[in-house]
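Reader: I would like a close look at one part of this model, together with whatever surrounds it. Please take the account slowly and explain the terms as they come up.

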Amino acid sequence: MSEAITQQQCQNMLANLELPTRAFINGKYVDALSGKTFTTLNPATGKPLAQIASCAAEDIDSAVQAGRSAFEAGVWSKMAPADRKKVMCRWADLIEDNLMELAIIESIESGKPVGECYAVDLPETVNAIRFHAEAADKLFDQVTPTGRDTLSLVTREPAGVVGVVLPWNFPALMAGWKLGPALITGNSVIAKPAKLTSMSTLFMAELAHQAGLPAGVLNVVPGSGASAGGAIGLHPDIDVVAFTGSTEVGRMFLEYSARSNLKEVLLECGGKNPQIVMPDIADLDAVAEQIVASAFWNMGENCSAGSRLLVHSSIKERLLEKMLQRLDQWKTGNPLDPENQLGALIDEGHMNKVLSYIDKAKQEGCRLVAGGGRLFPESGGYFVAPTIFDNVTNDQTIAQEEIFGPVLAVITFDTEDEAVQIANDTCYGLAASLYSNDLNVAHRVSAAIRAGTVSVNCFSEGDMTTPFGGYKLSGFGGRDKSVFAHDQYCQLKTTWIQLK
Ligand SMILES: NC(=O)C1=CN([C@@H]2O[C@H](COP(=O)(O)OP(=O)(O)OC[C@H]3O[C@@H](n4cnc5c(N)ncnc54)[C@H](O)[C@@H]3O)[C@@H](O)[C@H]2O)C=CC1
Ligand code: BAL
């Protein structure tokens, strides 16, 4: 973020922003058919921000009809990939032109620090849309090696109408990860943002329309999970649902699919991700910095958060000391103050859930070494101090359950085998980090970890060229990011031609 921008400037810009609060269906903002709205709150103050259209089954029907009509008309689905690319790149440009406005909207809705939204989330969203757009006219279909008497073509066709159900922790970025590949492959999309964070996705839809995306191709339906989300899951005319959120709700989408039309279901769910530090590591300062970032970035509200530190017992004390020094440099406070790296948790219920995990860890005998409670209650906001517990064993609650908040469990090991065993002793398998100066150890351990992404000597989700998703209860059916994401929004068509 620009050095010059201040909290006051953010506040001034916010005062002049027209917040998008209505559903976006068939190319225009509309009220929910019932006329109902819900109140969205600012997690940093607990005060109301806006009244948002509360969409339900009838609005989902209307959005699906718009999406299906656009699909059948071919206004987007039959457009040449290179032309779709132009529209998607214009959309990315418009998001970039409105980066500050979107960063402010994202920050006030989600409690995320505005600096982070401006410098990371929104640029990454633009990057995701551009990456998928640019791939459109560079990915080829195939001719299979059948022999001279036949010609066999394997071509990708857009799946049809795609439902996209989004979480609140990275609202714009997760929209970019899913809308990018779903739209560029020619589908129509019905996107449901998380109820708590609807506005950035609505604004993005308006910008897509301005960029030339035909009416009906991208529809955004804010609303509750059970009502709007359930209606998407059960809809007989939606072909694919792509979901990011909890494993519990992910399972529901599989049930919805089984009960309706066997729509394809793509799930990106939770994680309880290990960060393993081997005793051979030379630069403990660098490791400490990565560990803290992995555990506390985005207030720990991150599916790939490294919420379990697995450290060799011989170096634990030294590493912990360096981590505490690093943590001192992280400032928590008003998300609209660009000086702060950590903001508020998403809502009161979630804050209380995180605080109850902290209480549980204390009861179970874990040693509190940092944080341990709520911050700034007088603000009305949902702030929790970054918290570290030492002397945790992997069977304890905070080592097994996804807390989705700023709580790190420190666990020791004595052998490589033990580190791998503990790392894999979880129902999840999304991400892991490994720190070692020994290339053999790095290869051996990363191969043994059952997770979709293993980062070595850093904490990373990779970049747009790499797929993102999980093993075990972390995922099902596909991957976000990379060119691999395109296929999951397509049908593969075989055309078998008998030649004379
Ligand atoms: N990226 C991730 O891995 C995320 C994981 N979570 C985990 O889930 C926990 C709960 O957070 P929530 O926001 O409640 O996540 P969630 O899984 O309930 O919500 C994710 C999306 O699913 C929708 N949804 C909720 N209930 C639904 C239902 N019955 N039918 C259809 N759609 C439904 C929501 O409206 C939202 O758009 C968090 O504490 C965290 O552990 C939450 C958000 C993101
Ligand atoms: N870290 C990006 C994916 C997620 O948290 O949902």
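Reader: At which residue does UniProt place the feature "active site" (unreviewed entry), and what can be said about that residue and the parts around it?

Author: This is a predicted model, in which local features need pLDDT of at least 70 and side-chain atom pairs count only at pLDDT 80 or more, while totals for chains, interfaces and linings use all residues. Residues are numbered from 1 along each chain as its sequence is written, and chains are lettered from A and ligands numbered from 1 in the order in which they are written.

The UniProt record, an unreviewed entry, puts the feature "active site" at E268; such positions are given in the numbering used here, feature names are shortened, and annotations may be inferred rather than shown by experiment. E268 belongs to strand β11, which covers residues 264-268; strands (E, at least two residues) and helices (H or I, at least four) are DSSP runs numbered from the N terminus. E268 is buried, because 27 other C-beta atoms lie within 10 Å, where buried stands for 20 or more such atoms within 10 Å, exposed for 12 or fewer, and partly exposed for the range in between, with C-beta atoms placed from the backbone. Leaving aside residues up to four places away in sequence, E268 touches F243, T244, G469, G475 and D480, a contact being two C-beta atoms, placed from the backbone, that lie within 7 Å.

One of these contacts, T244, also appears among the residues around ligand 2, which are P167, N169, F170, M174, T244, N302, C303, S304 and E461. Here a residue is near a molecule if its C-beta atom, placed from the backbone, lies within 6 Å of it. By class, the shell around ligand 2 has 4 nonpolar, 4 polar and 1 charged residues, with Ala, Val, Leu, Ile, Met, Phe, Trp, Tyr, Cys and Pro counted as nonpolar, Asp, Glu, Lys and Arg as charged, and the others, Gly among them, as polar.

C303 also stands among the closest residues to ligand 1, with G225, G229, G245 and S246, in a shell of 24 residues. Helices α8 (225-234) and α9 (247-259) each supply at least two residues of that shell, and α8 gives the most, with 5 residues. The shell around ligand 1 divides into 11 nonpolar, 10 polar and 3 charged residues.

To place both ligands in the chain, the domains are needed: the assignment gives domain 1 (7-269 + 474-494) and domain 2 (274-463), with bounds that come from an automatic or database domain assignment. Ligand 1 lies between the domains because both of them give residues to its shell, and ligand 2 lies between them because both give residues to its shell as well. The C-alpha centres of domain 1 and domain 2 are 30 Å apart, and 22 residues of domain 1 are in contact with 25 residues of domain 2. On the side of domain 1 that touches domain 2, α1 (7-15), α4 (99-110) and α5 (114-135) each supply at least two residues, and this side has 9 nonpolar, 11 polar and 2 charged residues.

Returning to the contacts of E268, which include G475 and D480, K481 lies in the loop between β23 (475-476) and α16 (484-487). Most residues other than glycine have a negative phi. K481, although not a glycine, has a positive phi of about 65°, and K481 counts as buried because 23 C-beta neighbours lie inside 10 Å.

For a wider frame, UniProt lists residues 31-494 for "domain: Aldehyde dehydrogenase" in the unreviewed entry. Over residues 31-494 the chain is 40% helix and 20% strand, and the end C-alpha atoms are 43 Å apart.
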